[in-house]
Each structure stands twice: as C-alpha cells, then as structure tokens.
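Here are some short exercises to work through with the model open beside you. Try each task before you read its solution.

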Amino acid sequence: MSARFVAGMNIEDVLRAAASVNAQGMAATLDSLGENVHTPDEARNAADIYHRLLDAIQQRSLNANVSVKLTQMGLDLDPDLTSDIVSALVQHAVTAGNNFVRVDMEGTNHTDVTLDLVRTLHAREGNRGRVGIVIQAYLYRSEADIARLLEEGIRIRLCKGAYKEPPNLAFPAKADVDANFVKLMKTLLKSGIFHGIATHDEAMIAATRQFVRGEGIDPGSFEFQMLYGVRRDLQRTLVKEGFGVRVYIPFGAEWYPYFMRRLAERPANVLFLARNLVRR
Ligand code: FDA
C-alpha cells in the first residue's frame with residue numbers, strides 16, 4: 001500500500017520514479033527517508049546516498065534535485081559534522097551539472113540552526129542559487145525570516161508546516177496558517193527569485209493562480225511542489241495549465257513513519273488504499 005506515496009526501497013526505485021515523473025512533464029526532488037541518526041557513521045552513510053543520487057541524476061539527465069533533512073545529516077549529534085556534510089553535498093551539486101540541494105525544515109528547535117547553515121553555505125563562492133531552504137507558513141517568525149533570505153537571494157520552498165508546534169510559536173488555527181501562506185506566497189512571487197509553492201490545498205493554489213494572473217507574473221518564474229502520490233489529478237491539471245510542477249519523491253528503508261504521516265493527514269487515504277487493495 002505504501003507504494004502510492006513512497007517510490008521504493010533503493011536508489012534504482014527512486015530514479016525510475018523520477019524518470020516517470022519527468023515523462024509526465026514534471027520535475028522531481030528526491031528524498032532518502034530517515035530522520036535522526038545515532039552515530040556520525042550513520043550520518044555519513046545517509047549523505048553517501050545523496051552523493052550517489054547527485055551522480056545518477058547527472059548521468060541519466062534527469063530533471064531532479066535532492067531534498068535533505070539536517071537531523072539525518074547528524075545535526076543532533078554534532079552540528080559541525082552536519083555543516084561539513086551538507087557543504088560537501090552542495091559542492092557536489094555544483095560540480096554535478098549545477099544541481100541544487102534543498103534543505104528541508106524540521107521542528108522549531110532546529111529553525112535557527114537550519115537558517116544559519118543555509119545562509120552560510122549560500123554565501124560561499126560558487127554556491128549562489130545552489131542551496132535553498134524551506135519556510136513554514138504556520139510560524140509567526142516566517143515573514144521576518146523570508147525578508148532576510150530574500151535580501152540574500154536564497155531560494156525558498158513555502159509550505160504550511162508539518163510539525164506539532166506550540167501556540168506561542170505557530171498559528172493554532174488553520175484559517176490563520178492559510179492567510180499567512182497566501183501573504184508569504186505573494187512576497188515570494190514578487191521577489192524575482194525562483195521559489196517553490198508547496199501545497200495540495202486547492203484554495204492556496206487558486207490564490208496563487210489568481211495572483212500570478214493579476215500581477216502578470218511569468219508562470220515559469222516559480223514552481224508548484226507536491227508530494228509523490230498526493231493529488232496526482234491536481235499535479236496533471238497544473239502541468240496542462242502551463243505551470244511548473246516538482247514532485248517530492250521519498251524512498252528508502254525508513255518508509256513507515258513517512259507513510260503513516262501521509263495517511264494521518266487525510267484519513268480518507270486509508271479507505272482509498274484499502275479499496276485499491278481489494279480491487280487488486
Ligand atoms: P492541507 O493539509 O490544508 O491540505 C489541503 C488539502 O490537500 C486536503 O484537504 C487534501 O485535499 C489535500 N491533501 C493534503 N495532504 C494530503 C494527503 N496526504 N493525501 C491526500 N490529499 C492530501 N513540511 C515541513 O514542515 N517541512 C518541510 O520541509 C516540508 N516539505 C514539503 C515539501 C513538499 C513538496 C510538500 C508538498 C510539503 C512539504 N511539507 C513540509 C509538508 C507541509 O508542511 C504540509 O504538512 C503538507 O503539505 C500538507 O499541507 P497542504 O498545504 O497540502 O494543505
């Protein structure tokens with residue numbers, strides 16, 4: 001059942017999924033699943049998979065980049081190690097056909113360190129535009145974070161935010177998160193930098209579409225981003241409308257927690273998958 005949301009267990013599986021997504025007119029970002037690691041060697045092994053992905057993307061001329069979680073690169077063990085590891089990944093992305101590393105955003109205990117690391121790496125010679133970050137619309141601080149990132153020309157993926165955060169840090173009501181998402185989306189699309197608008201929410205997509213048309217923004221100056229297997233109908237519609245779409249494709253042995261999160265986001269998915277299983 002997890003195959004709907006997770007491309008498979010190994011690198012070959014995710015490369016095949018990326019080629020198929022590309023054939024449907026969409027770009028991909030590849031995520032080797034796994035969060036906290038327990039030893040420096042585990043962090044280095046996790047990074048090694050990303051090095052192999054960057055080589056394979058170039059060798060096969062895939063339209064794909066990679067998405068990386070800092071905790072998987074050892075952040076809770078040794079931030080210096082993480083900095084070295086991610087620096088090497090960005091370096092590799094630059095030499096492997098000018099590719100791009102997206103650093104995913106995790107819980108608020110990691111927000112500052114993630115922002116600091118991405119800004120530091122982005123400021124290094126040769127790295128401009130080759131490393132980007134994620135901003136979560138549910139956080140009060142995001143507007144200020146975006147202002148600083150835009151001054152430095154850093155590419156941003158805007159999402160609503162997936163972690164459980166306290167009400168002193170994040171809007172507790174969905175309506176407020178949505179309103180902030182729309183406000184931040186407008187700031188990003190007017191910035192002249194290539195950003196990702198990551199959502200499956202039709203209301204957020206409609207607001208983006210409307211803003212783009214109203215302001216005469218080039219549809220090629222940003223992309224929508226969605227998760228593999230989620231709202232494939234909407235992904236196809238946006239492609240037909242001429243928008244860029246990038247699909248976030250997770251893979252790997254640690255698929256179970258990711259899969260459970262996708263089901264929890266929308267209980268109807270459980271029913272949907274169960275029906276498909278019976279049909280097969
Ligand atoms: P919302 O949750 O309000 O859902 C709106 C509608 O979308 C639902 O009614 C349903 O129709 C559809 N939908 C949503 N989830 C679905 C599902 N699982 N199955 C079927 N339909 C579904 N978060 C984070 O904190 N850090 C990060 O780095 C990232 N990275 C990231 C990358 C990409 C490409 C995406 C799309 C998302 C993320 N996220 C993330 C996750 C994000 O923060 C958020 O939790 C989810 O995208 C769900 O929010 P939506 O904007 O889709 O809206």
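A polar contact is a pair of N or O atoms within 3.5 Å; within protein, one must be able to donate a hydrogen and the other to accept it, and residues adjacent in sequence count only if both atoms are side-chain atoms. The model is predicted, so local features need pLDDT of at least 70 and side-chain atom pairs count only at pLDDT 80 or more, while totals for chains, interfaces and linings use all residues. Residues are numbered from 1 along each chain as its sequence is written, and side-chain values use heavy atoms, with hydrogens and water left out.

**Exercise 1. Describe the surroundings of arginine 128.**

Step 1: Find the residue. Arginine 128 sits in the loop between α4 (111-123) and β4 (131-136). Helices here are DSSP runs of H or I with at least four residues, strands are runs of E with at least two, and both are numbered from the N terminus.

Step 2: Is arginine 128 buried or exposed? Its relative accessibility is 59%, so it counts as exposed. The cut-offs are under 20% relative accessible area for buried, over 50% for exposed, and partly exposed in between, with a 1.4 Å probe and protein chains only.

Step 3: List the neighbours. Setting aside residues up to four places away in sequence, arginine 128 touches His122, Glu152 and Gly153; contact means heavy atoms within 4.5 Å.

Step 4: Look for a polar partner. A polar atom of the arginine 128 side chain lies 3.4 Å from the backbone oxygen of glutamate 152.

**Exercise 2. Check the span of helix α6, then see what it packs against.**

Step 1: Work out the expected span, which is 1.5 Å times one less than the number of residues. For the 16 residues of α6 this should give 22 Å, and the end C-alpha atoms are 22 Å apart, so the two agree.

Step 2: Pick out the buried residues. Among them in α6 are Val177, Asp178, Phe181 and Leu188.

Step 3: Name the packing partners. The buried residues of α6 pack against α5 (142-151), β5 (156-159), β6, α7 and β7.

Step 4: Zoom in on aspartate 178, which belongs to helix α6. It is buried, because its relative accessible area is 13%. Leaving aside neighbours within four places in sequence, aspartate 178 is in contact with Lys160, Asp201 and Met204.

**Exercise 3. Follow helix α7 from its start to just after its end.**

Step 1: Begin at the start. There, a side-chain oxygen of aspartate 201 comes to within 3.0 Å of the backbone nitrogen of alanine 203.

Step 2: Take the length. Helix α7 covers residues 202-215, and its 14 residues reach 20 Å from first C-alpha to last, close to the 20 Å expected.

Step 3: Which residues of α7 are buried? They are Met204, Ile205, Ala207, Thr208, Arg209, Phe211 and Val212. Their cover includes α6 (174-189), β6 (195-198), β7 (222-227) and α8 (232-240).

Step 4: Step past the end. Glycine 216, just after α7, takes a positive phi of about 65°.

**Exercise 4. Find positive phi values outside glycine.**

Step 1: Go to the loop between α2 and β2 (64-68), where serine 61 lies. Serine 61 is not a glycine, yet its phi is positive, at about 50°. With 64% relative accessibility, serine 61 counts as exposed.

Step 2: Move to the loop between α3 (79-95) and β3 (101-103), which holds asparagine 98. Phi of asparagine 98 is near 55°, again positive. At 48% relative accessibility, asparagine 98 counts as partly exposed.

**Exercise 5. What does histidine 92 touch?**

Step 1: Place histidine 92 in helix α3. Its relative accessible area is 15%, so histidine 92 is buried.

Step 2: Collect the contacts. Not counting residues up to four places away in sequence, histidine 92 touches His51, Leu54 and Asp55.

Step 3: Single out the polar one. The side chains of histidine 92 and aspartate 55 make a polar contact at 2.8 Å.

**Exercise 6. Characterise alanine 170.**

Step 1: Locate alanine 170 in the loop between β5 and α6. It counts as buried, because its relative accessibility is 4%.

Step 2: Name the neighbours. Outside the four places on either side in sequence, alanine 170 touches Tyr138, Leu139, Tyr140 and Glu165.
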